[in-house]
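Got your viewer open and the cartoon drawn? Let's walk through this model one selection at a time.

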Amino acid sequence: DQEMKTKSAFSLIELILVVATVLTLGVLSSVFYSRFLNQNSVANVSDQFASQLRKAQTYSMAGKQNTSWGVKYATGTITLFASSSNAFDETFSVNTNIAVGGFSQVIFAKVTGIPDSPQTITISGGGNTKTVFVNSQGTVIR
């Protein structure tokens, strides 16, 4: 009868294998999750720039507040602004892990919506890069 009994406990080796497998999966998933967050942040900032540029152009063409409108970037902040007053500014923060290059500001002419100069905005972070263009006619391209 004693010989027919089977052990139902885990051995130390089985326990070590399970713990090692769980740790490996945890480390790998955190790396992939971090990469996903960086990709998502770059895409969000790109979308935010494109949205604010289009809004500034629309406001300028519509003559909102009887002035031209623009978008500027300064150390982690995107700002939609009216050129005549800062009372109408809309400010959006940018994730600190994201770098924005090649852009300081663009102002769209009242009524025509033509930008003061074509712009190329480069948004990068975590090995991901997106570009937003504003051409000489004011078309925003992502």
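Start by selecting D47. Its side chain is partly exposed, with a relative accessible area of 35%; here buried means under 20% relative accessible area, exposed over 50%, and partly exposed in between, using a 1.4 Å probe and protein chains only. Now add R142, which counts as exposed at 56% relative accessibility.

Before going on, some house rules: this is a predicted model, where local features need pLDDT of at least 70 and side-chain atom pairs count only at pLDDT 80 or more, while totals for chains, interfaces and linings use all residues. Residues are numbered from 1 along each chain as its sequence is written, and side-chain values use heavy atoms, with hydrogens and water left out.

**Stop 1: two charged pairs**

Keep D47 and R142 on screen. Their side chains meet in a salt bridge, 2.2 Å from N to O. D47 lies in helix α1 and R142 in the segment after β8 (140–141), so the pair ties together parts that are 95 residues apart in sequence. The term salt bridge is used for a side-chain nitrogen of Lys or Arg within 4 Å of a carboxyl oxygen of Asp or Glu. Side chains of opposite charge can pair when their charged atoms come close.

How many salt bridges does a search of the whole structure find? It finds 2, so select K55 and E90 next, whose side chains meet in a salt bridge at 3.0 Å, N to O. K55 sits in helix α1 and E90 in strand β3 (residues 85–93), so this pair links parts that are 35 residues apart in sequence. Both ends are partly exposed: K55 has a relative accessible area of 27%, and E90 has 24%.

**Stop 2: zoom out**

Show the whole chain. You should be able to pick out 1 helix and 8 strands, which follow the pattern α-β-β-β-β-β-β-β-β along the sequence. Helices (H or I, at least four residues) and strands (E, at least two) are DSSP runs, numbered from the N terminus.

Turn the model around: along its principal axes the C-alpha trace spans about 95 × 25 × 20 Å. The radius of gyration is 26 Å, while a compact globule of 142 residues would be near 14 Å; that value is taken over C-alpha atoms, and the globule rule is 2.2 Å times the number of residues to the power 0.38. Buried residues make up 29% of the 142.

**Stop 3: the helix and the core**

Select α1, residues 12–62. Then pick F49, L53, I121 and I123: they have the most contacts inside the largest nonpolar core, which has 24 residues. Such a core is a set of buried Ala, Val, Leu, Ile, Met, Phe, Trp, Tyr and Cys residues joined through side-chain atoms within 4.5 Å. Which element gives the most to this core? That is α1, with 7 residues.

Now centre on L53. Leaving out residues up to four places away in sequence, L53 touches V71, V106, F108, I121, V132, V134 and V140, where a contact means heavy atoms within 4.5 Å.

Next, try Q52, also found in helix α1. Is Q52 buried or exposed? At 2% relative accessibility, Q52 counts as buried. Beyond its neighbours within four places, Q52 is in contact with V71, I78, L80, E90 and F92. You met E90 earlier, as the partner of K55.

**Stop 4: the strands**

Highlight β1 (69–74) and β2 (77–82). They pair in the antiparallel sense over 6 bridges; two strands pair if DSSP finds at least two bridges between them. They form a hairpin with 2 residues between them, and T75 in the turn has a positive phi of about 30°.

Click on K72. Its bridge partner in β2 is T79, and K72 also stands opposite Q105 in β5. β1 and β5 run antiparallel, joined by 4 bridges.

Last selection: β4, β6, β7 and β8. These 4 strands form an open sheet in the order β4-β6-β7-β8, with antiparallel pairing. β4 (99–101) and β8 stand at the edges with a single partner strand each, so one side of each is left without a neighbour in the sheet. To see where β4 meets β6, find G101, whose bridge partner in β6 is T122; 3 bridges join these two strands.

Finally, bring α1 back into view: α1 lies across β4, β6, β7 and β8, running at about 5° to β7. Axes here are lines fitted to C-alpha atoms, for helices over the stretch in contact, and angles run from 0 to 180 degrees between N-to-C directions.
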